[in-house]
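Welcome, and thanks for opening your viewer. Load the model, keep the selection tool at hand, and let's walk through it one stop at a time.

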Amino acid sequence: MGETILFWVLAVVSVVGALGVVAAPKAVYSAISLAGTMIALAVLYIAQDAPFLGVVQVVVYTGAVMMLFLFVLMLIGVDSAESLVETIRGQRVAAVVSGVGFGVLLIAGIGNVSVGGGLGLSGANAGGNVEGLATLIFTDYLWAFELTGALLITATLGAMVLAHRERFDQRKTQRELAVERFAPGGHPTTLPNPGVYARHNAVDVAARLPDGSAAELSVSAILQIRAVPKADGEGDESR
């Protein structure tokens, strides 16, 4: 009874998470939904007397791959305007064909097990869960394992191609950058940080130069410099 309740609860969580991956309006939400689905599958593996596979599911996929996806999304960001533009022609048709093919393989695999029967967990884990998994991967399903590895490498290369941006100008060398910094109008040293005040600590408050004047370059160009109240004969700096 407990295993049945656990299965149906985790099955619902897995299906809802899978639907959230494709239906979520933001990429971060999709990644989080996929992480939830992977964790639910890991618990199902452990419940089916496959603890090694469950731990690998959490450590490798949820703990490493998914966190890598989230870090990439946070670093480069995703623009909703660009997501509606197809950069590769025919990708929707290819996705539909791949989905139908995967569905056919899944139905064929389930039908084969239903007709011929399965070995069972007791038989598969007779010599131990890790030993039984290694035997299946490197003997009976060696080609499927190698093809899966090739598929993952292809997906990695595809992500690199999609994230690639063409450079229209030549990369500047360290010497050229140094010349520009010391040229008239340049800034050899780093710019002062904004908000360097005893009573102010905000990014829209200009920093003070050694002569007491406001350094407008310390505030981002997309912000409006906030007026600073007078103090001890000082003037207001605003733009």
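Start by selecting S30 together with G20, V21 and A24: S30 touches these three residues, leaving out anything up to four places away in sequence. The model you are looking at is a predicted one. S30 itself sits in helix 2. Is S30 buried or exposed? Its relative accessibility is 14%, under the 20% cut-off, so S30 counts as buried.

**Stop two: the core**

Now stay with helix 2 and add helix 3. Select A31, A35, M38, M66, L70 and L73, the six residues of the largest nonpolar core. Helix 2 (27-47) and helix 3 (51-76) are the elements that give two or more residues to this core. As a background note, nonpolar side chains tend to be buried together in soluble globular proteins.

Next, centre the view on M66. Which residues does M66 contact, beyond its neighbours within four places in sequence? You should find A31, L34, A35, M38 and Y61.

**Stop three: the surface**

Keep Y61 selected and switch on a surface. Y61 joins V55, V58, V59, V60 and L152 in a nonpolar surface patch of about 490 Å². Helix 3 is the main contributor to this patch, giving five residues. Pick out V59, which is found in helix 3. With a relative accessibility of 52%, over the 50% cut-off, V59 counts as exposed.

**Stop four: the whole chain**

Zoom out and colour by secondary structure. The protein chain has nine helices and two strands, and along the sequence they run α-α-α-α-α-α-α-α-α-β-β. Of its 239 residues, 15% count as buried. The accessible surface comes to about 18400 Å², with 68% of that belonging to carbon and sulfur atoms. If you draw a contact map, look away from the diagonal: among contacts with a separation of 6 or more, 36% are between residues 24 or more positions apart.

**Last stop: confidence**

Finally, colour by pLDDT. The mean for the protein chain is 76, and 76% of residues reach 70 or more. Among the elements, helix 1 (residues 2-23) has the highest mean pLDDT, at 87, while helix 4 (residues 80-83) has the lowest, at 49. Then select residues 232-239, where the pLDDT is below 50. That stretch still has 18 contacts in the model beyond near neighbours in sequence. A word of care: where pLDDT is low, the predicted coordinates should not be read in detail.

Terms used: Residues numbered from 1 in each chain as written. Predicted model: local features only at pLDDT ≥ 70, side-chain atom pairs only at ≥ 80, totals over all residues. Heavy atoms only, no water. Core = buried A, V, L, I, M, F, W, Y, C linked by side-chain atoms within 4.5 Å. Buried < 20%, exposed > 50% of the residue type's maximum accessible area, 1.4 Å probe, protein only. Helix = DSSP H or I, 4+ residues; strand = E, 2+ residues; numbered from the N terminus. Contact = heavy atoms within 4.5 Å. Patch = residues over 30% accessible without salt bridge, like charges linked within 9 Å, V, L, I, M, F, W, Y side chains within 5 Å. Areas by Shrake-Rupley, 256 points an atom, 1.4 Å probe, with all protein chains shown as cover. Salt bridge = Lys/Arg side-chain N within 4 Å of Asp/Glu carboxyl O. pLDDT = per-residue confidence, 0-100.
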